[in-house]
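Subject: Structure for your review

Dear colleague,

Please find the structure below, together with its sequence. The notes that follow set out what was found in it.

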Amino acid sequence: MAKKITVCLLFGGRSGEHEVSLQSAKSVYEALNKERYNVVLVGIDKAGKWLLGNASNYLLNASDPSHIKLNSASASIVTPASSENSIMLMPETGDAKPTTIDVFFPLIHGTTGEDGALQGFLELLDAPYVGAGVLGSAIGMDKDVMKRLLQASGIPVASFRVLHSKTFTIDAAEHASREFGYPVFVKPANMGSSVGVSKAYNKEELAKAVTEAFEYDSKIIIEKYVEGREIECSVLGNAYPEASVPGEIIPTHEFYSYDAKYIDENGAALIIPAKISAEQTKAVQSLAIKAFQVLECSGMARVDCFMKKNGEFIINEINTIPGFTKISMYPKLWEASGTSFESLIDKLIQLSLEKNAEKKKLKRSYTLPGK
C-alpha cells in the first residue's frame, strides 16, 4: 500500500471571508479520502492565532453558515505578535507531537490568504502548496492590477476608475459615475466574495458605497455596470491548464452578493452547464485559460465573465482560491465536466507536488567564478 500523504488544511484567517473559508475547509475535509491522506487541520482565528484542530470538534455550528466558527479551545500553535507578546511558534500544550506535512492546502479566502502573503510564507518553508504562487495570488487579488494586466493583453474588462483613501474626494467618485452612467459598482480593490461591494444608482448611494468599500481596503474601484449574463469557468492545471464546462449564475438578489453566494441557498440559480452555444462555450473557455495564464496562475482558479447581448465576453475577475462549499461553482463545474469533488482534490494535490518538484530542479545558489 502506498504511503499516505499528509495534507494540512489551512483555513479561517483575518479577512472578511473568514466564515466562507470555514465552510470550504469542512467540504474539503469531508471529500479527502482518509485511506489515502492523513489530514492536519489548522484554523486561523480572526485575531491571527493558529489553532491545531481536532477532526471531531474543530468547528462549532458547522451546519449553520451564519454562525459557523472556529473552536477557540483548540491548541494554539502560533500566536501573532502584539503589544503583550512576541510571536510564538511552539504549541502551548505539552502533549502536541510534531507532524511532517507533505503538502499544504490553503483555503483562506481574501486578504492574507489569497493575496500572496500566505503563499510567501509557504515559499520560505519550501513547502508544496495547492494553488497559485506569490505573484499570481497577489495579482488575482488586486482588482486594479488584475484588470490593467488583462487590458494590456487584449482581454476585455469593464471600464473602471481607481480611488485611494489618502487622496480621495467625493467629486472624483461622482465624476467617474457621471462618466460611466448609473448604476455603478463600487468595490474594495483587495477583497473577494463580494464583501464590501455595492451597486449604486445615485449620488447618495454612491457616497454610502464608497464609505463601505473604504472600510475594507485603502484602494477601491468604481466600475461601469455591464448588462449581461454572468458566466463562470473553472480552470485547473499548471503549464497546460484546462477549463471546465461554463456555468451561469442568475442571482435572486440585487447582484451576486456575499449572502447569495454563501448564506442563502436560494440566493442564485446555478445553471450548469450554461445554456450557450458550442461556439460560445469554446470562446469563454479559451478566454478563461488565457486570463489564467496572463495572470500567472497555477493549480486552480475560477474565472468570472459577463456575456453581453452581442455575445461578447468580458472578464469580471479571477479567484485563485475559489469557494469549495457545497454550493460553490468551482467544484460544481468540474463535477459537471466529469471530475468528482474527491478526484478534483486529488488532482489539485498532485499538481502542487509536481510544481514543487519542478521548482526544486532549479539552481538555488550561484558560485562565483574561480571559487
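I begin with a pair close to the end of the numbering used here: the side chains of lysine 361 and glutamate 358 form a salt bridge, with 3.1 Å from N to O. A salt bridge is here a side-chain nitrogen of Lys or Arg within 4 Å of a carboxyl oxygen of Asp or Glu. Lysine 361 is exposed, at a relative accessible area of 62%, whereas glutamate 358 is partly exposed, at 47%. For these classes, buried means under 20% relative accessible area, exposed over 50%, and partly exposed in between, with a 1.4 Å probe and protein chains only.

Two points on provenance apply throughout. The model is predicted, so that local features need pLDDT of at least 70 and side-chain atom pairs count only at pLDDT 80 or more, while totals for chains, interfaces and linings use all residues. Residues are numbered from 1 along each chain as its sequence is written, and side-chain values use heavy atoms, with hydrogens and water left out.

Salt bridges

The structure holds 18 salt bridges in total. One of them joins lysine 360 to aspartate 126, at 2.9 Å from N to O. Because lysine 360 lies in helix α10 (residues 341-360) and aspartate 126 in the loop between α2 and α3, this pair ties together parts that are 234 residues apart in sequence. Helices (H or I, at least four residues) and strands (E, at least two) are DSSP runs, numbered from the N terminus. Both partners are partly exposed: lysine 360 has 43% relative accessibility and aspartate 126 has 26%.

Aspartate 126 also has a backbone feature to note, since its phi is near 60°, a positive value in a residue other than glycine.

A further salt bridge brings together the side chains of glutamate 248 and arginine 229, at 2.8 Å from N to O. This pair links distant parts of the chain, with glutamate 248 in strand β14 (residues 247-251) and arginine 229 in strand β12 (residues 229-237), 19 residues apart. Glutamate 248 is buried, at 8% relative accessible area, and arginine 229 is partly exposed, at 29%. In addition, Asp142, Asp144, Arg148 and Lys219 are linked in a network of salt bridges.

Backbone geometry

Which peptide bonds to proline 183 and proline 273 are cis? The bond from tyrosine 182 to proline 183 is cis, with omega near 0°, and proline 183 lies in the loop between α5 (170-180) and β9 (184-188). The bond from isoleucine 272 to proline 273 is likewise cis, with omega near -5°; proline 273 is found in the loop between β15 (268-271) and α8 (278-294).

Threonine 112 has a positive phi of about 70° although it is not a glycine. This residue sits in the loop between β7 (103-106) and α2 (117-124) and is partly exposed, with a relative accessible area of 39%.

Helices α1 and α3

Helix α1 (residues 18-31) has 14 residues and reaches 20 Å from its first C-alpha to its last, close to the expected 20 Å; the expected span is 1.5 Å times one less than the number of residues. Twelve of the 14 residues of α1 are buried, so the helix is mostly covered. Among the buried residues of α1 are His18, Glu19, Ser24 and Val28.

In α3 (134-141), the buried residues are Gly136, Ser137, Ile139, Gly140 and Met141. Their cover includes α2, α4 (143-152) and β17 (313-319).

Nonpolar cores

A nonpolar core is a set of buried Ala, Val, Leu, Ile, Met, Phe, Trp, Tyr and Cys residues joined through side-chain atoms within 4.5 Å. The largest such core has 32 residues, of which Leu9, Phe11, Phe105 and Phe324 touch the most other members. The elements that give it two or more residues are β1 (5-12), α1, β2 (37-44), β7, α9 (329-336) and α10, and the largest share, six residues, comes from α10.

Leaving aside neighbours within four places in sequence, phenylalanine 324 is in contact (heavy atoms within 4.5 Å) with residues including Ser24, Val28, Leu107, Met300, Phe341 and Leu348. Apart from the largest core lies another, of 24 residues, among them Ile139, Ala274, Phe292 and Leu295.

Yours sincerely
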